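Colleague: Before I plan anything at the bench, could you take me through this model and tell me what stands behind each label you use?

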Amino acid sequence: MTDIHELPISKRPAQTWRTTLKAILFCLLFNFGCLMINGSQFVFLLPLRILPFRWSRSLYYTGIRYTKGSFGCLQILMCQWFAPTKLLITFETKGEGRFTPEEIQSYSIKNKHGDIVALNFPSKFVLIANHQIYADWWYAWCLTYFLSPRKIHQHVYITLKKSLRWVPVVGWGMQFFKFIFLARSWASDRLQLASDLASLAKAAEKEDRPLCFMLYPEGTLVSNDTRPRSKKFAEKMGIVDLKNILLPRSTGLHYSLRSLAPRIPDLRLLDLTVVYPGIPPMGYGQNYYTLRSIFFDGVPPPEIHMHLRTFDVTQSIPVGNLETSRTNSSVEADIPAEEKEKFDLWLRKLWREKDESMDRFYETGFFDTSSASKGLKVEIPLKLGRKREILDAFCFFLPAGVAYLWGRVRG
C-alpha cells in the first residue's frame, strides 16, 4: 500500500477536521513565536542599539543572537509538534571532500548509550546543498542546531530577495538577523555581498564566534519550469545536463568564498546532498512537499537523508588568489577570468558527483557504497534537546530577564 507521502499532493485525500484544527493551531503558535521574537527585538534590543555605549552595543548583538537561536528552536519545535521527522546523516568516505574515520570519531557526540546524538563540526563554514523544495532552508537551519555545542543555529546567515525586507514581522526580523538582501542584479549585488560577508567574517574571527552562511548554487528549485532552462544552459556550454538536480551557477558561491576565506583561515565548505523519501528519480520535489503540505496537511517526509562532504576552502577549492582580498573587500568584484573558469569547472564536477550519488541512492539506498559509509548512519530526531528550549522558541527568557533586572533596579 502506498504511503501518503509517496503520492503527489494533488492526489492525496482531502483534509479531515482534525488536520484543519492542527493547521490552525500551527498558524497560531508559529505566528505567536515570530511576534514574540520580533517584538522583543523592537522593544528590548533596539533601544540598546541606539544608545552610544560599547556595553549597550555588545548587549544588543548578544540579544540578537539569542533571538536568532529562538527562531531556530521554533523551527525544530514546529517539526516536533506538527511535522515529526528525523535526519539520517551519512558521511562521504572515499571521494573528494571525504571524512576520515578519525574525523568522524572526533566530530561525534554520543549519549550514555554510545549512540551519536549530535556532531561537533568546525563552527565556521559555508553550507551548500541541492535545492528541491522550499523547506530545504528550514531543515538545513534545523541541522545547524545539531552540528556543534557552540549553538551554530544562532549564527546562521542567508541571502534573500530585497523585496522581502519590509514584509511585516518576518522581514523586520530578518533585518535584525543581518541577513543579506539582494536586488537580483549582479551588477549591484556583487559589491554588497562582498562587503557584507567580509564584515561578518571579520567579526566572527575577531570574537571567535561561529558563522554559517547558507547558499544554494542552483539558485532555484528543480521544477517543470527550471529543468528546460538547465538543459538550455548545458547546450550553450557544450556540456551534459544533470538528471536529478540543476546545473549550478558558480558566481555567487565563488564571490562568497573569496570574501570569507581571507578573513577566516580555517573556513570550511560543508556540502549536503539531500534526498526526501517519496520523490521519485527525476521527480519534482514541490509536487510532494511544500511548506503547506508539511505543516498544514501534516504530511512531512518521514526522514530526511543528508550526505555530508567537507572541504578546507583555502587548501581544497580553487578559489583563486586571495592575497589582495585580505585588505580590500571590493577586490572580490574583479575575479580574473581564468580563476572563474577553474572554480566553475570544480563546482560542476562536484554537482555531477552529487547527481551520481543521488542515482546510487535511488538504486541501492546508499549515497556512498563503500563498506565504511554503509556502516555509519547518524539518526537524529528533529526534537529540542532540553525542555527549557520550548521557552527559548518563544523568546521567553529575553523579556523575563529584562523584567527581572528591572525589578532588581527598582528594589
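Modeller: Happy to. Let's begin with accessibility: a residue is buried under 20% relative accessible area, exposed over 50%, and partly exposed in between, using a 1.4 Å probe and protein chains only. Please keep in mind that this is a predicted model, where local features need pLDDT of at least 70 and side-chain atom pairs count only at pLDDT 80 or more, while totals for chains, interfaces and linings use all residues. Residues are numbered from 1 along each chain as its sequence is written, and side-chain values use heavy atoms, with hydrogens and water left out.

Colleague: Then why is Thr364 called partly exposed?

Modeller: Its relative accessibility is 42%, which falls between the limits of 20% and 50%, so "partly exposed" is the right label. Thr364 belongs to helix H11, residues 337–364. Helices here are DSSP runs of H or I with at least four residues, strands are runs of E with at least two, and both are numbered from the N terminus.

Colleague: Asp344 is in helix H11 too. What makes Asp344 buried?

Modeller: Asp344 has 16% relative accessibility. That is under 20%, so Asp344 is buried by the rule. Asp344 also touches Met237 and Ser250, leaving out residues up to four places away in sequence; touching, or contact, means heavy atoms within 4.5 Å.

Colleague: How do you know that Cys73 is buried?

Modeller: The relative accessible area of Cys73 is 3%, again under the 20% limit, so the label holds. Cys73 lies in helix H2, residues 54–82. Beyond its sequence neighbours within four places, Cys73 contacts Tyr145, His153, Leu384, Glu389 and Ala393. The C-alpha atoms of Cys73 and Asp392 are 6.9 Å apart, with their positions 319 residues apart in sequence.

Colleague: His153 turns up in that list. Why does His153 count as buried?

Modeller: His153 is at 4%, and that is under 20%, so it is buried. His153 sits in the loop between helix H4 (136–145) and strand S5 (156–157). The contacts of His153 include Lys68, Gly69, Gly72 and Cys73, as well as Trp141.

Colleague: Leu242 is in a loop as well, between helix H7 (226–237) and helix H8 (251–260). What makes Leu242 buried?

Modeller: A relative accessibility of 5%, which the 20% limit places among buried residues. Leu242 touches Arg227, Leu247, Trp351, Arg352 and Asp355, not counting residues up to four places away. Its C-alpha atom is 29 Å from that of Leu260, 18 residues along the chain.

Colleague: What is unusual about the phi angles of Lys178 and Asp208?

Modeller: Most residues other than glycine have a negative phi. Lys178 has a phi near 65°, and Asp208 has about 55°. Lys178 is in the loop between helix H5 and strand S7, and Asp208 in the loop between helix H6 and strand S8. Lys178 is at 39% and Asp208 at 47%; both values lie between 20% and 50%, so both residues are partly exposed.

Colleague: How do you know that the overall size agrees with a compact globule?

Modeller: The rule is 2.2 Å times the number of residues to the power 0.38, with the radius of gyration taken over C-alpha atoms. For 411 residues it gives a value near 22 Å; the protein has 22 Å, so the two agree. The C-alpha trace spans about 70 × 60 × 45 Å along its principal axes. Buried residues make up 50% of the protein, and its secondary structure comes to 14 helices and 11 strands.

Colleague: Where does the record place its features, and what does the model show for residues 23–48?

Modeller: An unreviewed UniProt entry lists "transmembrane region" at residues 23–48. In the model that stretch is 100% helix and 0% strand, with end C-alpha atoms 37 Å apart. UniProt, again in an unreviewed entry, places "domain: Phospholipid/glycerol acyltransferase" at residues 125–254; the model has 42% helix and 14% strand there. UniProt positions follow the numbering used here, feature names are shortened, and annotations may be inferred rather than shown by experiment.
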